[in-house]
Amino acid sequence: MQITDNAVVCFHYALINDQGEVLDGSKGGEPIPYLHGCHNIVPGLEKAMAGRSVNDHFRVSLTPLEAYGEIDEEKIYDVERALFADMSELAVGLMCHMTNESGEDEVVSVIEIEDDVVTVDANHPYAGESLTFDVEVVSIREATAQEIQAGQANPV
């Protein structure tokens with residue numbers, strides 16, 4: 001079976017930056033499941049997966065737009081230090097959940113701390129980076145009606 005829309009695919013991956021460092025991955029753990037054609041993974045990787053078969057092993061290099069996007073300067077903003085009053089361990093690099101001005105919950109990274117202001121970044125940690133995915137396709141099956149309706153694969 002080949003990877004087509006509405007196929008549940010399980011794969012292992014290593015995420016590698018331009019310096020050759022492995023940033024993330026699943027090798028040595030459980031494979032990652034996703035429903036193909038439903039935008040559950042980065043666009044460039046989903047495109048590269050189309051037509052692949054079980055046991056295929058490949059590398060694909062992606063531009064920021066094909067991966068986690070360019071850095072959006074509007075997602076870097078200042079918040080009042082008082083919002084972090086309950087956090088005794090506030091430090092640059094800390095990741096936490098915040099509600100933005102639109103009322104949406106987002107994960108932010110603290111990038112600067114001043115007396116009354118904390119600057120946070122809501123961009124994906126790998127936004128703006130060209131990345132290489134080293135992928136091994138582990139399994140492919142047809143999605144259930146429930147998975148198709150939900151737009152995502154059921155957990156393994």
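**Close-up views of the predicted chain**

**N17 counts as buried, at a relative accessibility of 7%.** The model shown is predicted: local features require pLDDT of at least 70, side-chain atom pairs are counted only at pLDDT 80 or more, and totals for chains, interfaces and linings use all residues. Residues are numbered from 1 along each chain as its sequence is written, and side-chain values rest on heavy atoms, with hydrogens and water left out. Buried means under 20% relative accessible area, exposed over 50% and partly exposed in between (1.4 Å probe, protein chains only). N17 belongs to strand β1, which spans residues 7-17. When residues up to four places away in sequence are set aside, N17 touches L23 as well as E129, S130 and L131; contact here means heavy atoms within 4.5 Å.

**Q19 is located in the loop between β1 and β2 (22-25).** This residue counts as exposed because its relative accessibility is 62%, whereas N17 of strand β1 counts as buried. Q19 and G128 are 109 residues apart along the chain, and their C-alpha atoms are separated by 14 Å.

**N6 has a positive phi of about 70° although this residue is not a glycine.** N6 is placed in the segment before β1. With a relative accessible area of 33%, N6 is classed as partly exposed.

**N55, likewise not a glycine, has a positive phi of about 75°.** The loop that holds N55 runs between α1 (43-49) and β4 (57-62). N55 counts as exposed, its relative accessibility being 60%. The view therefore shows a residue of the exposed class, while N6 falls in the partly exposed class.

**Four strands form an open sheet in the order β5-β8-β7-β6, with antiparallel pairing.** Two strands pair if DSSP finds at least two bridges between them. The edges of the sheet are occupied by β5 (76-80) and β6 (95-99); each has a single partner strand, so one side of each is left without a neighbour in the sheet. The interior positions of the order are held by β8 and β7.

**Edge strand β6 pairs with strand β7 (residues 105-113) in the antiparallel sense.** The pairing of β6 with β7 extends over 5 bridges. For M95, the bridge partner in β7 is S109. On its other side, β6 has no neighbour in the sheet, because β6 has a single partner strand.

**The whole chain, given for orientation, has 2 helices and 9 strands.** Helices (H or I, at least four residues) and strands (E, at least two) are DSSP runs, numbered from the N terminus. From the N terminus on, the elements follow the order β-β-β-α-β-β-β-β-β-β-α. Taken along the principal axes, the C-alpha atoms fill a box of roughly 60 × 40 × 25 Å. The chain comprises 156 residues, of which 37% count as buried. Among contacts in the chain with a separation of 6 or more, 63% are made by residues 24 or more positions apart.
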